[in-house]
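This report introduces a single protein chain to a reader who has not met it before. It considers the surface and overall form, and then the interior.

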Amino acid sequence: MTLATLVAGATAQQREAAIADALDSAQTTALILEGLPDARSPLTAVAGLRIARIAPGCICCSGNLTMRVTLNRLLRQRPQRLFISLATSTHLAAIRRFLTTTPYDALLQLTKDLHV
């Protein structure tokens, strides 16, 4: 199973810094980052990450299909760790519920959320 952590709060740069601090170089890691890339992101210097960016917006409402397609593509690569960075924590509970439904319940093990 892939360990999955939801990252919420603050700015995109702060969320990405928190992810960079939590990375384990011994694990294959995939990231779903909501929002536009920032050249100052600490993740740009980390080799080997599988990064997918999706447009800002509510990924459990209007962006549900985009989230599903992106997540499915990343999970086919069987990462050991997955971080999902969210621009807002408004629907955090709904996203957690989505990630615990079929087929994701058999693929992901949700960890404690990372709030920055």
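## Surface and overall form

The accessible surface of the chain amounts to about 6200 Å², and 54% of that area belongs to carbon and sulfur atoms. The model is a predicted one. Of the 116 residues, 38% count as buried. The C-alpha trace spans about 35 × 30 × 25 Å along its principal axes. The radius of gyration of the chain is 13 Å, which agrees with the value near 13 Å for a compact globule of 116 residues. As for charge, the mean position of the 12 positive charges lies 7 Å from that of the 7 negative charges.

The chain holds three helices and six strands, arranged along the sequence in the pattern β-α-β-β-α-β-α-β-β. Among contacts between residues at least 6 apart in sequence, 67% join residues at least 24 apart.

## The nonpolar interior

In soluble globular proteins, nonpolar side chains tend to be buried together. The largest nonpolar core here has 19 residues, and those with the most contacts inside it are Leu6, Ile32, Leu71, Leu82, Ile84, Leu99 and Leu108. The table lists the elements that give two or more residues to this core.

| Element | Residues |
|---|---|
| Strand S1 | 2-8 |
| Strand S2 | 29-34 |
| Strand S3 | 50-54 |
| Helix H2 | 64-75 |
| Strand S4 | 81-86 |
| Helix H3 | 92-99 |

Apart from this core lies another, of seven residues, including Ile19, Leu43, Leu49 and Phe83.

Leu71 illustrates the packing: leaving aside residues up to four places away in sequence, Leu71 touches Ile32, Leu82, Phe98, Leu99 and Tyr104.

Methods:
Residues are numbered from 1 along each chain as its sequence is written. This is a predicted model: local features need pLDDT of at least 70, side-chain atom pairs count only at pLDDT 80 or more; totals for chains, interfaces and linings use all residues. Side-chain values use heavy atoms; hydrogens and water are left out. A nonpolar core is a set of buried Ala, Val, Leu, Ile, Met, Phe, Trp, Tyr and Cys residues joined through side-chain atoms within 4.5 Å. Buried means under 20% relative accessible area, exposed over 50%, partly exposed in between (1.4 Å probe, protein chains only). Helices (H or I, at least four residues) and strands (E, at least two) are DSSP runs, numbered from the N terminus. Contact means heavy atoms within 4.5 Å. The radius of gyration is taken over C-alpha atoms; the globule rule is 2.2 Å times the number of residues to the power 0.38. Accessible areas come from the Shrake-Rupley method with a 1.4 Å probe; for residues, only the protein chains shown count as cover. Lys and Arg count as positive and Asp and Glu as negative; His and the chain ends are not counted. The place of a charge is taken as NZ of Lys, CZ of Arg, CG of Asp or CD of Glu.
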